[in-house]
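Reader: I'm new to this structure and would like some help reading it. Could you walk me through it, feature by feature?

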Amino acid sequence: MLHADLLPRDTTVRLIDENGTVVADAHYALPDTDTLVRAYRGLVEGRRINDQAGALVRQGRLAVYPSSHGQEACQVGASMAIGDADWLFPTYRDSVAVIARGVEPADALVLLKGDWHSGYDVRAHRVAPQTTPLATQLLHAVGFAQAAKHRGEDTVVLALCGDGATSEGDFHEAMNFAAVFHVPVVFFVQNNEFAISVPLSRQTAAPSLAHKAIGYGMPGQRVDGNDVAAVLAVLGAAVDRARSGGGPSLVEAHTYRMQAHTNADDDTRYREREEVQAWVARDPLVRLRAHLTGIGALDDEVDAQFAAGAETIAAAMRAALNTDTDLDPEDLFRFVTETRSPQLEEQWTLLRGEIERGQLDATQTAPIATGGHR
Amino acid sequence: MTIAHDDIRLTDRSEREVATLSMAAALNLALADAIEHDPDVVVFGEDVGALGGVFRITDGLTARFGEDRCFDTPLAESGIVGTAVGMAMNGMRPVVELQFDAFALPAFEQVVSHVAKLGNRTRGGMRMPMVIRIPFGGGIGGVEHHCDSSEAYYAHTPGLTVVSPSTPQDAYSLLRAAIASPDPVIFLEPKKLYWTKGEVDTTVTAALGSARIARDGTDVTLLAYGASVALALEVADAAAAEGRSVQVVDVRSLSPFDDATVTAAVRSTGRAVVIAEAPGYASVASEIQARVFERCFEFLAAPVRKVTGFDVPYAPPKLEHWYLPDVDRVLDAIDTLHWDEDA
């Protein structure tokens, strides 16, 4: 591969523009209509899940929710770009991608609900636990893919991170290891312009985040992160390349975080409303709806069906999160190590005694705080 | 009380093999036997391939087993540990080498936030069967960042098993147990003892979580681990010449801690001194001292003392002999243990 082939384009890959019009591209084909209709349905559900989770924070049912409102094309694209046998390594902002992979919304939100640190069966869904420390999971993705390669499996690992994570040392180490060991990993950066309050210009002086790839000897590409067709096409090509032994690659999606970092964040302190408003016109749902309606693949009736389906998901989220789960105090000790040490056995005996004497309520859960967190 | 991984069959050898080996050679043999025994075991790190590691612990493994099983990585400790996490998530048993204590620190986030926690976070869905080997401690005249004792950071982290061998036999047996463990193990190798020799029987097992009585004695118990065990045994010889019978317990497992063995030992003598190289403040030695006080108070003839490194950054090579606990410093501590009251 020529060095120049590792460089991303000067502009993002885009297949459907903001008006819903198809843009011809010499290298990336528009996904077929059925795929785009499925993606549209995923966007509708993803938007509803984001909005419902926000409401649940305001009701005190979730401690915090990092919204991906406006980034649903990246979330749904990430979920659809890999096969059932592949693995997804998500971050805390990627709940919609996790749910799109088949995890029940209530299970995906256990971390934010406060019942436990991760709430789904990682192996059943082939979705790694969502990580909160930035960029650390990228190394796990690389090691996971190394193990798959070691055993001769054709698993591809798709690792997600945001623009802030690209400043971390582990981002660099993960890119470097992946390229040196030539493992089947696709790094997908959702550049949404802010790391909490710090803008992209303070994260990097590079022409784009995708340009970093050439420094590791892997190809990088930039994609319009609000165009799910382009996300699917570019990620699909990267996944195919990884599966066929072509090694890792880096895809940067240009998108925008429409809401504050979390409920604890005041985004009026670091960005103008006009800037946020400008991105409304680039909404991923609106443009795909315009395209699909224009070609006759979507009508009001189907759109209403999708909306009703999303409403059912939201209702299930409300029901599940408005129900307090029975929590078992022994869970504190149960999973620390496979074999419980004598010290942990003593400590569990202490706690159990306190509960049995009525000093602590065995069933009542503590109220969650819904402010002041990252 | 022990944490049982001692019932694993450690070797495929049809007959027991006994040889006199240095600790370095015993560790090498343990790695080779583990790689041979279990196809999921891989060894990697910086310089572990052609060079065989800066201390030659991995000598010959790549030549014998191939690059698939023992390989060099880019120079990046977080990368080494972080990719090991991913491999363990996907069913392998990585054994990584971090070259020196202080060079392990870039990997600290991976160790604390992921290695130690992933089994718990996933409610046992993803265990972390991995070993992080770290050449540990001083006494070799090494320059800055090569001789620190970082055990308290790891022992303070729930989810990690932390062990340190002090004999070639334990080096072999504990490393095999560590690799066989379903939980992550921080394996601290006392650099100063790499070249000491002893008999190694490949069928002998050592349980993680268990202490070892290194020498019997009746008057005072010395509690030590790693290179300090060798010092404690020297002290015992010197004290014997003065007519005192010194028991030495090799604590061996810093977490989990073998309270049963240590408590029984100290109760049998009624006096105890804890010896460790690390700075003493907020240290593993402090924790051992506190545990002994809690469990043995009514059996004690004197306060439990500790002899540790000073609370200063690890000493430059030419000052190291002033920093490290030595025979006289420990003997002086023993002398303070209220002997007159016995008369």
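Author: We'll go through the interface, the salt bridges, the cavities and a pocket. Keep in mind that this is a predicted model.

Reader: Let's start where the chains meet. How many residues of chain B are in contact with chain A?

Author: Contact comes down to distance between heavy atoms, with a cut-off of 4.5 Å. Here, 48 residues of chain B touch 40 residues of chain A. Together the two chains bury about 3,600 Å² between them, and carbon and sulfur atoms give 57% of that. Three residues are worth finding on screen: B:Asn90, B:Arg121 and B:Arg123 supply 20% of the area that chain B buries against chain A, more than any other three residues.

Reader: And what about charges across that interface?

Author: Side chains of opposite charge can pair when their charged atoms come close. Between chain B and chain A the count is three salt bridges. In one of them, the side chain of B:Arg123 meets that of A:Asp331, at 2.7 Å from N to O. If you look at polar contacts instead, 21 residue pairs link chain B and chain A, with both partners at pLDDT 80 or more.

Reader: Which elements of chain B supply at least two residues of the side that touches chain A?

Author: Try tracing them along chain B: strand E3 (70-72), helix H3 (77-89), helix H4 (108-115), helix H5 (118-121) and helix H10 (284-296). The largest share comes from H3(B), with 10 residues. Sorted by class, this side of chain B has 18 nonpolar, 18 polar and 12 charged residues.

Reader: Do salt bridges turn up within a chain too? I'd like an example.

Author: Sure, take A:Glu72 and A:Arg47, whose closest N and O atoms are 2.7 Å apart. This salt bridge links distant parts of the chain: A:Glu72 sits in helix H3 (residues 72-81) of chain A and A:Arg47 in helix H2 (residues 33-58) of chain A, 25 residues apart. Over all chains, the count comes to 40 salt bridges.

Reader: Now for the empty spaces. How many cavities of 30 Å³ or more are found?

Author: Rolling a probe the size of a water molecule over the atoms shows where empty space is left. For the whole structure, the search gives two cavities of 30 Å³ or more. The largest has a volume of about 60 Å³, and its lining includes B:Phe136, B:Ser149, B:Glu151 and B:Tyr225. Helix H8 (227-241) and strand E13 (272-279) of chain B each give at least two residues to that lining, and E13(B) gives the most, with four. By class, the lining has six nonpolar, three polar and two charged residues.

Reader: What lines the second largest cavity?

Author: For that one, move over to chain A: the lining is A:Ala108, A:Leu111, A:His117, A:Ser118, A:Gly119, A:Tyr120 and A:Gln130. The volume of this second largest cavity is about 30 Å³. Its lining has three nonpolar and four polar residues, with no charged ones.

Reader: You mentioned a pocket as well. Which residues lie nearest the centre of the second largest pocket?

Author: Look for B:Asp148, B:Ser149, B:Tyr153, B:Pro279 and B:Tyr314, out of 26 lining residues. About 480 Å³ of space lies in this second largest pocket. Helix H6 (151-155) and E13 of chain B are the elements that give two or more residues to its lining, and H6(B) has the largest share, three residues. The lining divides into 18 nonpolar, five polar and three charged residues.

Notes: Residues are numbered from 1 along each chain as its sequence is written. Chains are lettered from A and ligands numbered from 1 in the order in which they are written. This is a predicted model: local features need pLDDT of at least 70, side-chain atom pairs count only at pLDDT 80 or more; totals for chains, interfaces and linings use all residues. Side-chain values use heavy atoms; hydrogens and water are left out. Buried area is the accessible area (1.4 Å probe) that two parts lose on being put together, summed over both. A salt bridge is a side-chain nitrogen of Lys or Arg within 4 Å of a carboxyl oxygen of Asp or Glu. A polar contact is a pair of N or O atoms within 3.5 Å; within protein, one must be able to donate a hydrogen and the other to accept it, and residues adjacent in sequence count only if both atoms are side-chain atoms. Ala, Val, Leu, Ile, Met, Phe, Trp, Tyr, Cys and Pro count as nonpolar, Asp, Glu, Lys and Arg as charged, and the others, Gly among them, as polar. On a 1 Å grid over the protein atoms alone, a cavity is a set of points where a 1.4 Å probe fits but cannot get out, and a pocket is an open set with protein on both sides within 12 Å along at least five of seven lines; lining residues have an atom within 4 Å of a point. Grid points are joined across faces, edges and corners, and a volume is the space filled by probe spheres set on the points.
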